[in-house]
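Got the viewer open? Here is a short tour, with something to select at each stop.

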Amino acid sequence: MRTIGNVLWFLLGGILMGLGWLLAGVIAFITIVGIPWARSCFVIGVFAFFPFGKEAISRNELTLREDLGTGPLGCLGNIVWFVLFGWWLALGHLISAAALILTIIGIPFAIQHIKLAALALSPVGKTVVTIEEASAARQFNASEKISKMRNK
């Protein structure tokens, strides 16, 4: 089912938003200062081409440790990102979602656009993994929190 969803997504408009992410990445890369954002654009661009079966989660949720992108510098990076690129990518996803939600067949695709719009607002500190990996990380984190609460 994921494969069918991804093929239909790609052919019916996913390619445009994926190319939008890649364009943002190229522009960020050209500026040299924007190279950290460019990497995120390329990762999310591939995600935007084929979003079914994948999910974007925080890296500290996945690895249980903070890094530059998940701490205060990541917050600052997301603010800069939002001003330069995030708002127009999010707007593109929301416009696409609004057009798709008008049809019954387009509702699952509209939901993916809404998820990508939220990701477009603050991608720094996030990574793309399969849904199963995200679920396993959340389960592990929950069991770690429970055992810490029991040890107190």
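How many disulfides does the structure hold? Zero. Keep in mind as you click around that this is a predicted model.

**Stop 1: the cysteines.** Select C41 and C75. The sulfur of C41 has its closest cysteine sulfur in C75, and that one is 18 Å away, so the two are too far apart for a bond. A disulfide needs the two sulfur atoms within 2.5 Å. Now look at the surroundings: C41 counts as buried because its relative accessibility is 0%, whereas C75, at 46%, counts as partly exposed.

**Stop 2: two helices.** Next, show helix α1, residues 2-30, together with helix α5, residues 107-121. How do you describe a pair like this? Two packed helices are described by the angle between their axes and the distance between those axes. Here the angle is about 25 degrees and the axes are 11 Å apart. That makes α1 roughly parallel to α5, and the crossing is right-handed.

**Stop 3: where they meet.** Turn on side chains for G5, L8, W9, M17 and W21 in α1, then for F109, Q112, H113, L116 and A120 in α5; this is where the two helices meet. Sort the residues of this contact by type and you get seven nonpolar, three polar and no charged.

**Stop 4: zoom in on Q112.** Is Q112 in α5 buried or exposed? Q112 is buried, because its relative accessible area is 9%, and the cut-off for buried is under 20%. Leaving aside residues up to four places away in sequence, select what Q112 touches: W9, P51 and F52. You have already met W9, back in α1.

Technical notes: Residues are numbered from 1 along each chain as its sequence is written. This is a predicted model: local features need pLDDT of at least 70, side-chain atom pairs count only at pLDDT 80 or more; totals for chains, interfaces and linings use all residues. Side-chain values use heavy atoms; hydrogens and water are left out. Buried means under 20% relative accessible area, exposed over 50%, partly exposed in between (1.4 Å probe, protein chains only). Helices (H or I, at least four residues) and strands (E, at least two) are DSSP runs, numbered from the N terminus. Contact means heavy atoms within 4.5 Å. Axes are lines fitted to C-alpha atoms, for helices over the stretch in contact, and angles run from 0 to 180 degrees between N-to-C directions. Angles under 35 degrees count as roughly parallel, over 145 as roughly antiparallel, 65 to 115 as roughly perpendicular and the rest as oblique. A crossing is left-handed if the near helix is turned anticlockwise from the far one by less than a right angle, and right-handed if clockwise. Ala, Val, Leu, Ile, Met, Phe, Trp, Tyr, Cys and Pro count as nonpolar, Asp, Glu, Lys and Arg as charged, and the others, Gly among them, as polar.
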